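Hi everyone, thanks for coming. I'd like to walk you through a structure that may be new to you, so let's put it up on the screen.

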Amino acid sequence: MIEGVKIKNLKVVPDERGWLMEILRSDDDIFEKFGQVYMTTAYPGVVKGWHLHKKQTDNFTCVHGMMKVALYDSRKDSSTYGEINEFFVGDKNPMLISVPTYVYHGFKAVGTETAYFVSVPTHSYNYNEPDEYRLPPDTDEIPYDWILEGKKHG
């Protein structure tokens with residue numbers, strides 16, 4: 001596991017009305033602070049990556065569909081510098097992933113349906129000075145193949 005990355009397995013609590021799944025609580029060990037909550041989607045086969053943050057920690061999960069999440073440790077002073085982590089997250093494997101600063105991350109919607117991604121970063125998005133540093137999905141700087149199948153999204 002990349003140094004500083006944290007995982008929380010999420011528990012689904014079903015009853016006759018439906019089900020409930022807590023994602024992030026202020027009393028979780030994984031919780032730092034609240035910035036905002038947002039949701040994004042990706043159509044099947046679409047890759048959204050790579051990017052990193054210098055100020056915020058990202059906490060995210062897939063609440064519908066499935067996504068392949070990849071992380072790359074770009075921190076030269078880290079004990080896991082250059083390592084890749086890959087997770088499959090969503091309906092079949094609910095988990096929260098917490099990504100520290102300077103770790104590139106992205107995801108690909110896998111399967112046949114749109115993936116719905118919910119994120120709770122530690123900082124609000126700053127429209128004037130975004131804390132986002134991007135690389136294309138097929139960059140030579142990260143030794144990872146999304147298997148893009150002719151699609152290039154970022």
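Okay, let's start with contacts. Take the contacts in the protein chain with a separation of 6 or more: 77% of them are between residues 24 or more positions apart. Before I go on, please keep in mind that this is a predicted model.

So what is the chain built from? By secondary structure, the protein chain has twelve strands and zero helices. If you read along the sequence, you just get β-β-β-β-β-β-β-β-β-β-β-β. The radius of gyration of the protein chain is 15 Å, close to the 15 Å that the globule rule gives for 154 residues, so the chain is as compact as a globular protein of that length. Along the principal axes, the C-alpha atoms fit a box of roughly 50 × 35 × 35 Å.

A few more overall values. Of the 154 residues in the protein chain, 45% count as buried. The accessible surface of the chain is about 8,700 Å², and carbon and sulfur atoms own 50% of that. As for charges, the protein chain has 17 positive and 23 negative ones, and their mean positions are 2 Å apart.

Now the sheet. Which strands form the open sheet, and in what order? There are five of them, in the order β8-β7-β10-β5-β12, with antiparallel pairing. At the edges sit β8, residues 84–90, and β12, residues 133–134, and each of those pairs on one side only.

Let's go across it from the β8 side. Strand β7, residues 66–73, pairs with β8 in the antiparallel sense over seven bridges. If you want one to find on screen, look for Tyr72, whose bridge partner in β8 is Ile84.

Next, β5, which covers residues 47–52. Is β5 enclosed or open? Five of its six residues are buried, so β5 is largely enclosed by the rest of the structure. On one pairing, β5 and β10 run antiparallel and are joined by three bridges; there, His51 has His105 of β10 as its bridge partner. On another, β5 and β12 are also antiparallel, joined by two bridges, and Leu52 is matched with Tyr133 in β12. One general point while we're looking at strands: in a regular strand, side chains alternate between the two faces of the sheet.

There's one more thing to see in β5. Trp50 is in this strand, and the peptide bond joining Gly49 and Trp50 is cis, with omega about 0°.

Let's move over to β10 and pick out Ala109, which is found in that strand. Why does Ala109 count as buried? Its relative accessible area is 1%, and the cut-off for buried is under 20%. What does Ala109 touch, if we skip residues up to four places away in sequence? The list is Ala42, Tyr43, Pro44, Gly45, Val46, Met66, Met67 and Ala115. Thr41 is worth a look too: it is 68 residues from Ala109 along the chain, yet their C-alpha atoms are separated by 8.6 Å.

Just ahead of β10 we get to a loop. Tyr102 lies in the loop between β9, residues 95–99, and β10, residues 103–110. Tyr102 has a phi near 65°, which is a positive value in a residue other than glycine. At 35% relative accessibility, Tyr102 counts as partly exposed.

Thr101 is in the loop between β9 and β10 as well, and at 25% relative accessibility Thr101 counts as partly exposed. Which residues does Thr101 contact, leaving aside neighbours within four places in sequence? Those are His53, Lys54, Lys55, Gln56 and Arg75. And between Thr101 and Val5, 96 residues apart along the chain, the C-alpha separation is 9.7 Å.

Last stop, back towards the start of the chain: Lys8, found in strand β1, residues 6–9. Is Lys8 buried or exposed? Lys8 is buried, with a relative accessible area of 18%, and remember that buried means under 20%. Not counting residues up to four places away in sequence, Lys8 touches Glu22, Ile23, Leu24, Arg25, Asp28, Ile30, Met95 and Leu96.

That's the tour. If you take one picture away, take the open sheet β8-β7-β10-β5-β12, in a chain of twelve strands and zero helices. Thanks, everyone.

Technical notes. Residues numbered from 1 in each chain as written. Predicted model: local features only at pLDDT ≥ 70, side-chain atom pairs only at ≥ 80, totals over all residues. Heavy atoms only, no water. Pairing = 2+ DSSP bridges. Helix = DSSP H or I, 4+ residues; strand = E, 2+ residues; numbered from the N terminus. Rg over C-alpha atoms; globule rule 2.2 N^0.38 Å. Buried < 20%, exposed > 50% of the residue type's maximum accessible area, 1.4 Å probe, protein only. Contact = heavy atoms within 4.5 Å. Areas by Shrake-Rupley, 256 points an atom, 1.4 Å probe, with all protein chains shown as cover. Lys, Arg positive; Asp, Glu negative; His and termini not counted. Charge placed at Lys NZ, Arg CZ, Asp CG, Glu CD.
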